[in-house]
Number of protein chains: 2
Amino acid sequence: MPASPIRKLVPYADQAKKKGIKVYHLNIGQPDIKTPEVVFEAIKNIDLNLIAYSPSQGYENYRKKLAGYYQKNNIDITADDILVTTGGSEALSIAIGSIADPGDEIIIPEPFYANYNGFAKQNAVNVVPIHSSIDDNFALPPIAEFEKLITPKTKAILYSNPGNPTGYVYTKEEISALRDLALKYDIYIIADEVYREFIYGDTTHHSILHEQGMENHAIIIDSVSKRYSMCGARIGTMITKNKTLMQTAMKFAQTRLSPPTLGQIASEAAIDTPQSYFDEVIGEYKERRDTLVRKLKEIPGVKVAEPKGAFYIIAELPVDNTDKFAQWLLENFSDNKETVMVAPASGFYSTQGQGTREIRMAYVLKKEDLIRSAEILKKAITLYNNQSY
Amino acid sequence: MPASPIRKLVPYADQAKKKGIKVYHLNIGQPDIKTPEVVFEAIKNIDLNLIAYSPSQGYENYRKKLAGYYQKNNIDITADDILVTTGGSEALSIAIGSIADPGDEIIIPEPFYANYNGFAKQNAVNVVPIHSSIDDNFALPPIAEFEKLITPKTKAILYSNPGNPTGYVYTKEEISALRDLALKYDIYIIADEVYREFIYGDTTHHSILHEQGMENHAIIIDSVSKRYSMCGARIGTMITKNKTLMQTAMKFAQTRLSPPTLGQIASEAAIDTPQSYFDEVIGEYKERRDTLVRKLKEIPGVKVAEPKGAFYIIAELPVDNTDKFAQWLLENFSDNKETVMVAPASGFYSTQGQGTREIRMAYVLKKEDLIRSAEILKKAITLYNNQSY
């Protein structure tokens, strides 16, 4: 596996810090939001004398309570349809391993979460990218384009909704069109819905399991990481109503024995997080999004894909190459001893040469820091373009 | 992946319980020993307001403290040589994925921990078994036999020491012979040392990294699961001094983001477990082992591989087939409303037809229950052989 463009930047960020430069990290999706208090209460009141394996599928109590959460979101599943995993990461890895053999193909609209490549590669499965464009905020590509790419080796279409790195939220119509495609060609839809809660404004979330007739063709990937700001719990879920698929997934699950016990206790408690927590968090992110979008649009030559969800934004910059530029920001630039670290978007594209003028920013910093980051970016772009390389 | 012979028995155990029969579980390695008090103290005193991702390699503080534990055990490594994983399971999966391509081979003395098959299969790697025998307590097969199996596709020899399911503890001479083989053929030795602490009597543990010149050829798999009776923490380690290999392993580690944060906090605290805890635990297991071995030897026709470590024992029974017999124990037998669940050994052999008269028992129950279990087994064998099938 090649190192991602983000990871390549890490040593440059370390060097900048050694030189006493403050780096604003817009490059990663580690929220600064507090984990709900109910989670820490549950951890502090843990009543065990033995931290034992949980069942491979995850604790039944947790799965039952989790099914209640989905029911509330009009996703009609039971505890049996849930496999608790070690983060959304493992849910993806097990899902791909369960539906595809080496050499099979999965179609993914690009740009996409870079680690999808890793999970596919681990399973010797080939990613077939389909282009979505910043010019329509990364909406779903036309269904006819998908059909051109479907072969006998195609096992699934995978997307994240809301999108990382795009922030796009697929409409009911788009999801319905994917449903029709799945049923027509008998392939799976893998919907990574880990950002379900993070939607701003009037848009609502449409889950793949809101669609009728998807019992045997839908897989939801989910996680507590972003929802409750507890990425380190490493608790995710793979959801499917397809019994045969669940049986196969359980074999992978049994091989790795069990998901983390402490994380499950924390995650079960998290389901009781009061609505006020989400109202506050969503309000905070909405303000950050609005701030960052506004400030980025003020920079001449910058094009922004307006995000409706998640906490990422893709921007096209007036520079020759964002891999080079992102490195330069850390290696050669600082304004008042400060600089920014952004993710070059090339790492989110599978097609060579795509996204080379785009960056992804995660608005996981507080508003003042985002304003300052945009200011730094503006000055940096000017200086970068006035220098000769 | 086929279901293992143990998993196939689970529905029969459930049925027995529904009929009001008490089942003594000798089939699994979930210790009944308490987790050290220092672990719960650390969990209860957790001082975080955000459960964030840890670094992909694991927290540096934890790795440093862990390096100290290995130094004390004369294993000369630093924090940089350690990758913290989600259990020993993930350590194995990443190790195999990092050293082998699809179609490559790994030699494993059989009987072996059944999940090795799963980790190999996930990576499309072929397991090449080499026979070890109950008649010499499952000592290392002759080196000449290994050499017959080495091909250009051989990437490693994998063993567990102390052995699961055998309880055998390899001698310094056996490990040195494997070292010579690794250097001669330029292959890895993957030593699963998760039971390092569990050795009874005068035998001492000889680690693969006690051998000289193994910097580039040794991988240690380790875990807190059994050592501190905290299987549910899901914290393991992959250890290697081979920098290139560690770099490759880090790519797998980065794809899955991070090992569990809460488990790492618990595991870091566990390193301070007082010696008195181990003295008590090892004393308890030694007594259990001695009891079970003695009671099994009293059953006519039973052959026992005397274990020196771990908490497993393999016994050959005077029955036609232990898969059948283990199922019969749950389905058709009870003595005073009690029966036992054992693991048919066929699941620990890769070679078809091997181990069909052997079972594995985990002595993770208290002494009285082990005595009762042996008594039940004795009665069951007699009845089983007096019936016609």
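Analyst: Contact here means that heavy atoms lie within 4.5 Å. The model is predicted: local features need pLDDT of at least 70 and side-chain atom pairs count only at pLDDT 80 or more, while totals for chains, interfaces and linings use all residues. Residues are numbered from 1 along each chain as written, chains are lettered from A in the order written, and side-chain values use heavy atoms, without hydrogens or water.

User: How do you know through which surface the copies meet?

Analyst: Of the interface residues of chain A, 94% are also interface residues in chain B, so the copies meet through the same surface.

User: What makes the relation between chain A and chain B that of a particular axis?

Analyst: With C-alpha atoms superposed by least squares, using residues with pLDDT of at least 70 in both copies, chain A is laid on chain B by a turn of 180° and a shift of 0.0 Å along the axis, with an RMSD of 0.0 Å. That is therefore the relation of a two-fold axis. In chain A, the C-alpha nearest this axis belongs to A:Lys44, 2.1 Å away.

User: How do you know whether the length of helix H3 of chain B agrees with its number of residues?

Analyst: A helix is a DSSP run of H or I with at least four residues, and its expected span is 1.5 Å times one less than its number of residues. For the 13 residues of H3 (residues 60–72) that gives 18 Å; the end C-alpha atoms are 19 Å apart, which agrees.

User: Which residues of H3(B) are called buried, and why are they placed on the same side?

Analyst: Buried means under 20% relative accessible area, exposed over 50%, and partly exposed in between (1.4 Å probe, protein chains only). The buried residues are B:Tyr62, B:Arg63, B:Leu66, B:Ala67, B:Tyr69 and B:Tyr70. They cover an arc of only 155° around the axis, which puts them on the same side of H3(B); the arc is taken from the directions from the helix axis to the C-beta atoms. On the other side, B:Asn61 and B:Lys72 are exposed.

Note on methods:
Helix = DSSP H or I, 4+ residues; strand = E, 2+ residues; numbered from the N terminus.
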